[in-house]
Amino acid sequence: MAKRGGFPGGMPGNMSNLMKQAQKMQRQMEESQKELETKEFTAASGGGAVEVTVSGKKEVLRVKLSEEVVDPEDIDMLQDLIVAATNEALRQAEEANAAIMSKMTGGLGGGFPF
């Protein structure tokens, strides 16, 4: 009776090549991710009055405020400007990450075509 499942003598050549390609892609993705984590993304709001810098790890690194935006009578506006600049910088970091993933997967959306 014939054996079911498995491949006698190991994996066929195509499957072995596929596994090697997958491992190579994984190494490239890890390297790209490490590179992204070292990058910084800066965004401004309020015409440059508030500037926020985040890392590729999506951590806030710096907040820079112009003197004219620091009005004790209008704290709400300052808070809104900080939130807006932070969200834009985080969006830039996410966009860079998505571009790397798209490049690595060849536009497959992160999945495999089978």
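Strand S2, residues 50-55, is mostly covered in this predicted model: 5 of its 6 residues come out as buried. That makes S2 a handy place to start, since both of the other strands can be described from there.

On one side, S2 pairs with strand S1 (residues 40-45) in the antiparallel sense, and the pairing runs over 6 bridges. One of the residue pairs here is Glu40 with Ser55, the latter being the bridge partner in S2. The two strands form a hairpin with 4 residues between them. Gly46 sits in that turn and takes a positive phi of about 65°.

S2 also pairs with S3, again in the antiparallel sense, this time over 5 bridges. Val50 stands opposite Leu65 of S3. As with S1, the connection is a hairpin, and 4 residues lie between S2 and S3. The turn residue to look at here is Lys58, with a positive phi of about 65°.

Stepping back to the whole fold, the protein chain has 2 helices and 3 strands, and reading along the sequence gives the pattern α-β-β-β-α. Buried residues account for 19% of the 114 residues in the chain. As for contacts, take those between residues at least 6 apart in sequence: 44% of them join residues at least 24 apart. The chain exposes about 8500 Å², and carbon and sulfur atoms supply 53% of that area.

Next comes helix H2, which spans residues 75-105 and includes Thr86. Is Thr86 buried or exposed? Thr86 counts as buried because its relative accessible area is 15%, and the cut-off for buried is under 20%. Setting aside neighbours within four places in sequence, Thr86 is in contact with Val52 and Val60. Val52 belongs to the stretch 50-55 that makes up S2, while Val60 falls in S3, which covers 60-65. Through these two contacts, then, Thr86 of H2 touches residues of both strands.

Val60 turns up once more at the surface. Together with Val63, Leu65 and Val70, Val60 makes a nonpolar surface patch of about 320 Å². Leu65 is the residue that Val50 stands opposite, so to speak a link back to the S2 and S3 pairing. Val70 lies outside the strands, in the loop between S3 and H2. With a relative accessible area of 48%, Val70 is classed as partly exposed, because the exposed class takes values over 50%.

Terms used:
Residues numbered from 1 in each chain as written. Predicted model: local features only at pLDDT ≥ 70, side-chain atom pairs only at ≥ 80, totals over all residues. Heavy atoms only, no water. Buried < 20%, exposed > 50% of the residue type's maximum accessible area, 1.4 Å probe, protein only. Contact = heavy atoms within 4.5 Å. Patch = residues over 30% accessible without salt bridge, like charges linked within 9 Å, V, L, I, M, F, W, Y side chains within 5 Å. Areas by Shrake-Rupley, 256 points an atom, 1.4 Å probe, with all protein chains shown as cover. Salt bridge = Lys/Arg side-chain N within 4 Å of Asp/Glu carboxyl O. Pairing = 2+ DSSP bridges.
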